[in-house]
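Work through the following exercises with the sequence and the coordinates side by side. Each task is followed by a solution that proceeds step by step.

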Amino acid sequence: AVTTNNILKMASLTTVQDRSLLLLIIDLTPTTWGIRYQKRRNNDTIRAKQNKPPIGPGTLSDTISAILSFLFAFASCHRDNAIVIIGVSGSEVGVLYPRKDVMGVMIGGSIEDEGGCRVDVNELRECFLLGVGELMERCSKKSAESMKEVANMNKNKKEMETTASSSTATSTATKKKSGTAIAAATSLALCLINRFMLASGAAENDDKNNASLLHRKEDAGILSMISNGGIGSSSGANSVEQRMAQRRARGMLSPRIMIVQASEDNALDYNAFMNCVFCANKNDVVIDGCFIPGGVPGQPITSTFLEQACDRTGGVYSKPSQKSQISGGLTSVLMTLFLPTLAIRRGLNMTKVTKVDFRARCFETGTSLDVGVVCNLCLSIFKEEPKDGFCYTCGAKIIVAGGVSPEIDEGNSPSPKRSRLTNT
């Protein structure tokens, strides 16, 4: 229910508008969208014979159209809003907008400068569509090259069996890797946010406030940060709001990251992605997540990585159904959930993820675990001991002798042992 107090609160919040910096990360993996396009075409054919409307899932063109509408609306909320679009296609990551020759002007240009960081919607559409085509083409070429390498490896299978163990470990780790490079894109987004904040002078003050980190105590590290502070925790909410209010009062950009993902999570990138989440949490950067399920058997219906990231940083998470991905449904979801600024969200009844799975995940299968095997060399977690004798992450060789506990070849350190995993 909308009360008078809520209306007055919203009016007071809009008096000081956020100059927002949006880092949009979009999943453009060709195989993922190709499978969905095939399913959509089959569903439309069947339902057309039954005189029924389409039910999805949404295709890449539907998603791009919805994202463009969202970006145009975001640019119109404040004339000084800044947008950076990062595309992820398999293992390829690239900045789609702005183009390389404009990035420096966008970061260093002031508001009074001609152009500056203001968004030109025509240029945004052109660069976005051009970047999508270039990135997907680059990913397709790399996939074709990888297929040729696999074919050559199969032909020379006997020779590969006699190669060095390190090469075998590397190929094994490569085979186990799946999903998209969302972690790499998030890391790139944080780097770009740092460049923007340096240009605006905010990072200089943050460095002064964080100077004590170099001389922190042993118990004041990452575990202390997880348990005591952060945007998503009530204990650190007041300090976060104060820092954001200071940014708004000084006319600085309010950064946030939005991830639109359609592929499965990359289990091997869990550590890297969570490190990015902790970094964003430390620097008051909110991460929003929109996972687009395809309804294809064997494909995930949600992303636990995004759920944890949104919960940790106080962002919004949504996974629209197949019907909500077509006929303008996805545009409505993006407008209502992700368009409001961080200041206005405090006066809205935003959706929240009630149950987040914080259990450790197997680096091989991606399944959540209560008990697993932990590699003592790289701390990777597995459901079962590797059958081929190599750690899938670091490639350390594990020798299993009859009745003797496995040992890592290098250094003769103890082998990965099964232990109970607890949540922090």
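**Exercise 1: the largest cavity**

Task: in this predicted model, identify the residues that line the largest cavity, and sort them by character.

Solution. The lining of the largest cavity is formed by Thr180, Ile182, Ala183, Gln261, Glu264, Asp265, Asn266, Asp269, Phe273, Ser303, Phe305 and Leu306. Mapped onto the secondary structure, α8 (182-200) and α13 (304-313) are the elements that contribute two or more residues to this lining. Sorted by character, the lining comprises 5 nonpolar, 4 polar and 3 charged residues. As for size, the volume of the largest cavity is about 80 Å³, and the structure contains 2 cavities of 30 Å³ or more.

**Exercise 2: the nonpolar cores**

Task: determine which residues of the largest nonpolar core touch the most other members, and which element supplies the largest share of this core.

Solution. Begin with the core itself, which has 39 residues, and in which Leu71, Ile83, Ile85, Phe128, Leu334 and Phe338 touch the most other members. Next, assign the core to elements: β1 (19-27), α3 (60-77), β2 (82-89), β3 (92-97), α5 (121-155), β4 (253-261) and α14 (329-338) each provide at least two of its residues, with the largest share, 10 residues, coming from α3. Then take Phe128 as an example: leaving aside residues up to four places away in sequence, Phe128 is in contact with Ile26, Ile64, Ile67, Leu68, Ile85 and Leu96. Finally, a second, separate core has 38 residues, among them Ile107, Tyr270, Phe278 and Ala309.

Key
Residues numbered from 1 in each chain as written. Predicted model: local features only at pLDDT ≥ 70, side-chain atom pairs only at ≥ 80, totals over all residues. Heavy atoms only, no water. Core = buried A, V, L, I, M, F, W, Y, C linked by side-chain atoms within 4.5 Å. Buried < 20%, exposed > 50% of the residue type's maximum accessible area, 1.4 Å probe, protein only. Helix = DSSP H or I, 4+ residues; strand = E, 2+ residues; numbered from the N terminus. Contact = heavy atoms within 4.5 Å. 1 Å grid on protein atoms, 1.4 Å probe; cavity = no way out; pocket = protein on both sides within 12 Å on 5 of 7 lines; lining within 4 Å. Points joined across faces, edges and corners; volume = space filled by probe spheres on them. Nonpolar A, V, L, I, M, F, W, Y, C, P; charged D, E, K, R; others polar.
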